[in-house]
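This report describes the fold, two of its helices, the ligand surroundings and the less usual backbone geometry of one protein chain. Please read it alongside the sequence and the coordinates.

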Amino acid sequence: MRLETRAVRSARGHVRSDTTREVGGAHVPPIDLSTTYTFDTAEAVAASMDALIEGAGEAPNPVYARLQNPTVSRFESALADLESAEAGVAFASGMAAITAVVMAACSEASPEGWARGRHVVAVRPVYGGTDHLLTSGLLGTEVSWVESTEVASAVRHDTSLVLLETPANPTLVMVDIADVVSQVRACETRLGHRIAVAVDNTFATPILQRPLELGADLVVHSATKFLGGHGDVMGGVVATSEEWAHPLRQIRMITGGVLHPMAGYMLHRGLQTLPVRVRAQQASARVIAERLVLHPDVIAVHYPGLSGDPVETRLLQTQQVGPGSLLAFRVRGGREASERVMETLTLICRAVSLGSVDSLIQAPALLTHRVVDPASREAAGVPDDLLRLSVGLESVEDLWNDLEQALATVARIVPEPKKAGPGLGEGAVMSAASPWESRAPSGEFEMVGGAGI
Ligand SMILES: Cc1ncc(COP(=O)(O)O)c(C=O)c1O
């Protein structure tokens with residue numbers, strides 16, 4: 001079945017009368033809020049307990065909600081289905097999911113044959129919280145931050161995990177997943193053990209990109225974003241093999257970062273509209289990116305493929321089927337001007353987070369990446385004046401009108417334009433053949449993006 005069908009139907013069982021009979025014929029799966037599950041015989045409950053302690057996804061008796069919950073299990077298997085994974089393991093938040101991945105990979109918990117060292121290789125930028133988790137060494141790990149093309153040279157005998165985000169938060173830089181995987185596989189041959197490659201797929205979602213199909217071992221999501229899609233549920237999930245799901249479930253059982261069943265229900269429901277939302281939001285984001293490029297007071301636009309960089313153009317044909325609905329931009333006049341633009345918006349919501357039905361804007365240096373030290377932030381391409389926009393489902397014309405009126409404040413506080421606006425219809429244009437075909441507008445405009453930038 002195709003992705004759209006699976007998004008609507010996975011883990012629902014409403015076409016099979018034998019499954020629906022168990023829940024009284026309900027068309028929509030019920031929410032199981034029970035924290036504990038009764039048992040009849042000691043022998044049977046002990047067998048279930050043993051299976052769950054070993055990291056099994058399901059046991060005949062769930063025993064206790066920190067070990068297993070049927071509502072959460074449905075979301076896990078539906079998400080796994082969309083990510084082409086054997087299993088999904090849900091957590092209380094994206095950070096809880098990432099923490100569990102680092103713990104599983106960099107400890108004795110990792111599966112047989114996989115490295116158990118404490119070294120992580122990571123590609124910047126990543127979400128500020130992830131950056132902080134790795135840089136702080138809170139989990140007893142050491143991190144080497146590298147360019148995506150230099151992963152192999154950073155891998156050591158004690159490297160257990162390679163972590164990347166693509167498109168990256170907040171610069172939208174794309175990383176060639178297959179290339180990173182092949183660099184890591186070459187190191188494995190040399191070192192004689194496996195090294196886990198984890199990809200944060202929050203920005204792309206499985207609708208646009210499925211990293212496991214490109215050879216990655218673990219996919220992480222902040223389910224709080226597109227999977228929920230309405231800004232009202234917090235969660236995280238890892239899509240992976242059963243081999244990795246076992247230690248992840250064991251870590252979840254011990255550390256307790258479980259997803260609440262109500263959140264599991266809402267995320268499962270969110271998946272049903274994910275393909276439609278992602279594509280509609282992406283269509284508007286493309287229009288906005290194109291118009292921002294042409295705006296005289298905008299000095300840089302970050303959007304996958306917009307720069308015409310050949311690597312990104314290729315990745316948009318082979319890795320990611322569309323640029324998505326996140327973009328970032330800079331206005332002339334620096335941080336003060338960008339903050340003023342943000343504050344002048346009347347429709348677009350000033351708030352962190354992304355992937356919601358409504359458009360959200362924030363300044364990464366001010367908020368999501370504030371915990372990253374300023375020098376590392378700058379080096380990763382995140383200047384203080386960068387604004388990140390998550391485009392929602394509002395009318396694109398209403399969104400543009402709001403942006404345009406807010407951008408008018410730039411001319412008031414910084415009177416001298418640095419470049420002549422090339423006018424609508426020139427500059428970056430979309431084409432059906434390649435995702436984007438761009439030619440640089442005149443002036444000092446910077447089109448940002450492209451792997452390696
Ligand atoms: C790419 C990415 N990964 C992970 C996270 C962390 O997710 P959560 O806020 O659900 O813990 C975020 C949060 O913004 C994110 O943007």
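In this predicted model, helix α8 runs over residues 177–191. The helix has 15 residues, and its first and last C-alpha atoms lie 21 Å apart, close to the 21 Å expected at 1.5 Å a residue. Its buried residues are I177, V180, Q183, V184 and C187. They lie on the same side of α8, because the arc they cover around the axis is only 130 degrees. The underlying periodicity is general: an α-helix has 3.6 residues a turn, so residues three or four places apart point the same way. On the face of α8 turned away from the buried side are the exposed residues A186 and T189. The packing partners of the buried residues of α8 are α7 (151–154), β4 (159–165) and β5 (196–200). Just after the helix, G192 adopts a positive phi of about 80 degrees.

Helix α10 offers a second case. Spanning residues 242–255, α10 has 14 residues and reaches 20 Å from first to last C-alpha, close to the 20 Å expected at 1.5 Å a residue. Buried positions in α10 are W244, A245, H246, P247, L248, R249, I251 and R252. These buried residues pack against two strands given as β6 (218–222) and β7 (236–240), and also against β1 (87–91) and α5 (94–105). Just after α10, G256 has a positive phi of about 85 degrees.

Two residues of α10 also meet a loop glycine. G57 lies in the loop between α3 (42–53) and α4 (70–82), and beyond four places in sequence G57 touches S73, A87, A245 and R249. G57 counts as partly exposed because it has 19 C-beta neighbours inside 10 Å, where 20 or more would make a residue buried. The C-alpha atoms of G57 and S77 are 9.8 Å apart, although 20 residues separate the two along the chain.

Which residues come nearest to the ligand? Of the 15 residues around the ligand, these are S93, G94, Y127, S222 and T224. The elements giving two or more residues to this shell are α5 and α6 (128–136). By residue class, the shell divides into 3 nonpolar, 10 polar and 2 charged residues.

Some backbone angles deserve separate attention. Most residues other than glycine have a negative phi, and most peptide bonds are trans. The table lists the exceptions considered here.

| Site | Angle | Location |
|---|---|---|
| T166 to P167, cis peptide bond | omega near -10 degrees | P167: loop between β4 and α8 |
| N169 to P170, cis peptide bond | omega near 10 degrees | P170: loop between β4 and α8 |
| V63, positive phi | phi near 70 degrees | V63: loop between α3 and α4 |
| S84, positive phi | phi near 55 degrees | S84: loop between α4 and β1 |

Both prolines of the cis bonds, P167 and P170, are thus placed in the loop between β4 and α8. Are the two non-glycine residues with positive phi, V63 and S84, buried or partly exposed? V63 is buried, because 20 other C-beta atoms lie within 10 Å of its own. S84 counts as partly exposed, because its C-beta neighbours inside 10 Å number 14. V63 is in the loop between α3 and α4, the loop in which G57 also lies.

At the level of the whole chain, the model contains 15 helices and 13 strands. Of the 453 residues, 52% are buried. Among contacts with a separation of 6 or more, 73% join residues 24 or more positions apart.

Confidence in the prediction varies along the chain. The average pLDDT is 91, and 90% of the residues score at least 70. Over residues 421–445, however, the pLDDT is below 50, although this stretch has 51 contacts in the model beyond near neighbours in sequence. Residues 449–453 likewise stay under 50, and the model has 28 contacts for them beyond four places in sequence. Where pLDDT is low, the predicted coordinates should not be read in detail.

Methods: Residues numbered from 1 in each chain as written. Predicted model: local features only at pLDDT ≥ 70, side-chain atom pairs only at ≥ 80, totals over all residues. Helix = DSSP H or I, 4+ residues; strand = E, 2+ residues; numbered from the N terminus. Expected span 1.5 Å × (residues − 1). Buried ≥ 20, exposed ≤ 12 C-beta atoms within 10 Å, placed from the backbone. Contact = placed C-beta atoms within 7 Å. Arc of directions from axis to C-beta. Near = placed C-beta within 6 Å. Nonpolar A, V, L, I, M, F, W, Y, C, P; charged D, E, K, R; others polar. pLDDT = per-residue confidence, 0-100.
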